Each structure stands twice: as C-alpha cells, then as structure tokens.
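Colleague: I've got a fold open on my screen and I'm not sure how to read its side chains. Could you walk me through it?

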Amino acid sequence: MAVITSNTVDPTTVPHEAVFLPGLIGIFTAQMRGFVRTTYPSCRFEVLYPPDVNAFPLTSVINYPTTDWTPANLNCLKTESFTYTYDRDLDMSLVSMNSADIYGFTPSERSHLVGVSDPTTAWLKEARLAEGEGFESVVLFALDQICLVGYELPLSRGMHRSAHLG
C-alpha cells in the first residue's frame, strides 16, 4: 500500500488503495453477517456511516464499500453527523441524513443517530428533522446528557431557538 498522508488525497492517485480498502471493509462486514446468521438466521443488520467525517475526497471513496453496503445486504443504513450538530448546521445535518439516497436505501431502510448535547446545539431540531424524513428510527446517543443537563421528559415537540453567547 502507498503511504497516504491526508484524507484530502485524490483517490485517483492511489487507485489500488481506493479499490482495496472499501473491498476489505465489505469483505469484513459480509463475513460478520455470515457468522452471525449461523446462530441467528433472522438477524437484521445495519451499519453506521458518518457522512460528515467522510466528506473528503479519499474517505468518501475508501470508507464506503458500495459493493457490499447495499439494501440487498443490509436492513438499515444509519447516518450520523455530530460535526454538523455541534456546528449548529442543520442544513448539513439534513444533507448527511439524505446521503443514503445515493446508495438506494429508502427512508424505511434508514436511521439517524443524533448526539444529545446541551441546549446551545441543534440536536433536538436535528432529531425532529430526522423524524420528519420518515426514517425507520431516530436514535439518541449519550442519553446520560439528558440527566446531566436536566432535560425534562418527554422531550419538547415545539420549535425553540438556541443561542450561544460567549
């Protein structure tokens, strides 16, 4: 393998690696599905793909095995975009959620993982956006934050503003 020094490397300059690495991920996940199915034949499978950290020329190619991570092999493609959540960029969070469209997953075959955080981030609005997309599920990550911050349950369904002062 070539030495790759950055995720901004043009994948066409490392063609062997651009084929080998996603193939390796695909082989691994296929083997895992096969192993689990020997004991649990009706098991459902999902993978978590973070479009925000893979939004670079090289990582967008090498970290998604297009030949294996398909609706035929996976029941659900889960996305997450903690970077956009913490940047308060709901437009990019929505882009991240809908990145599964290009891989052929319907909304009922998709899920979105939302990082629960303090009230200055847009995590609750992001969760509502994901719900509005009709996904199979919206998953809240780091539920301990609900207790630490002191959110009241059930979570608010209304639209509120958040602000970061400082």
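Modeller: Let's take the features one at a time, with the general idea before each case.

Colleague: Before that, what kind of model is this?

Modeller: It's a predicted model, where local features need pLDDT of at least 70 and side-chain atom pairs count only at pLDDT 80 or more, while totals for chains, interfaces and linings use all residues. Residues are numbered from 1 along each chain as its sequence is written, and side-chain values use heavy atoms, with hydrogens and water left out.

Colleague: Okay, nonpolar cores. Which residues make up the largest nonpolar core?

Modeller: In soluble globular proteins, nonpolar side chains tend to be buried together. A nonpolar core here is a set of buried Ala, Val, Leu, Ile, Met, Phe, Trp, Tyr and Cys residues joined through side-chain atoms within 4.5 Å. Buried means under 20% relative accessible area, exposed means over 50%, and partly exposed is in between (1.4 Å probe, protein chains only). The largest one has nine residues: F45, V47, Y49, Y64, W69, L74, L77, A100 and F105. Apart from that core lies another, of six residues, among them V116, W123, L124 and I146.

Colleague: Pick one core residue for me. What does L74 touch, beyond its neighbours within four places in sequence?

Modeller: Contact means heavy atoms within 4.5 Å. With those sequence neighbours left aside, L74 is in contact with R33, F45, V47, W69 and F105.

Colleague: There's an arginine in that list. Which acid does R33 meet in a salt bridge?

Modeller: First the rule: a salt bridge is a side-chain nitrogen of Lys or Arg within 4 Å of a carboxyl oxygen of Asp or Glu. By that rule the count comes to four. R33 pairs with D68, at 2.7 Å from N to O. The pair links distant parts of the chain: R33 is in helix 1 (residues 15-39), D68 is in the loop between helix 2 (57-62) and strand 2 (76-80), and they are 35 residues apart. Helices (H or I, at least four residues) and strands (E, at least two) are DSSP runs, numbered from the N terminus.

Colleague: Are R33 and D68 buried or exposed?

Modeller: R33 counts as buried because its relative accessibility is 7%. D68 is buried too, at 8%.

Colleague: What about a salt bridge with an exposed partner?

Modeller: Try E136 and R44, whose side chains meet at 3.4 Å, N to O. E136 lies in the loop between helix 5 (123-132) and strand 4 (137-141), and R44 in the loop between helix 1 and strand 1, so the pair ties together parts that are 92 residues apart in sequence. R44 is exposed, at 52% relative accessible area, while E136 is partly exposed at 40%.

Colleague: And how far apart are the closest N and O atoms of D101 and R110?

Modeller: They sit 2.4 Å apart, in another salt bridge. R110 is buried at 2%, whereas D101 is partly exposed at 45%.

Colleague: Now the aromatics. How do you read a ring pair?

Modeller: Rings of Phe, Tyr and Trp (its six-membered ring) pair if their centres lie within 6.5 Å; planes under 30 degrees apart count as stacked, over 60 as edge-to-face and the rest as tilted. The structure holds seven such pairs. Take Y49 and Y103: their ring centres are 6.5 Å apart and their planes are at 80°, so the pair is edge-to-face. Y49 sits in strand 1 (residues 46-49) and Y103 in the loop between helix 4 (90-97) and strand 3 (110-115), 54 residues apart. Y49 is buried at 5%, and Y103 is partly exposed at 21%. Together with Y64 and W69, these two tyrosines form one aromatic cluster.

Colleague: Which residues does N54 touch, not counting those up to four places away in sequence?

Modeller: Y49, T59, S60 and N63. N54 is in the loop between strand 1 and helix 2 and counts as buried, at 6% relative accessibility.

Colleague: Last one, backbone angles. What's the phi of R88?

Modeller: Most residues other than glycine have a negative phi, and most peptide bonds are trans. R88 has a phi near 65°, a positive value in a residue other than glycine. You'll find R88 in the loop between helix 3 (82-86) and helix 4, partly exposed at 35% relative accessibility.
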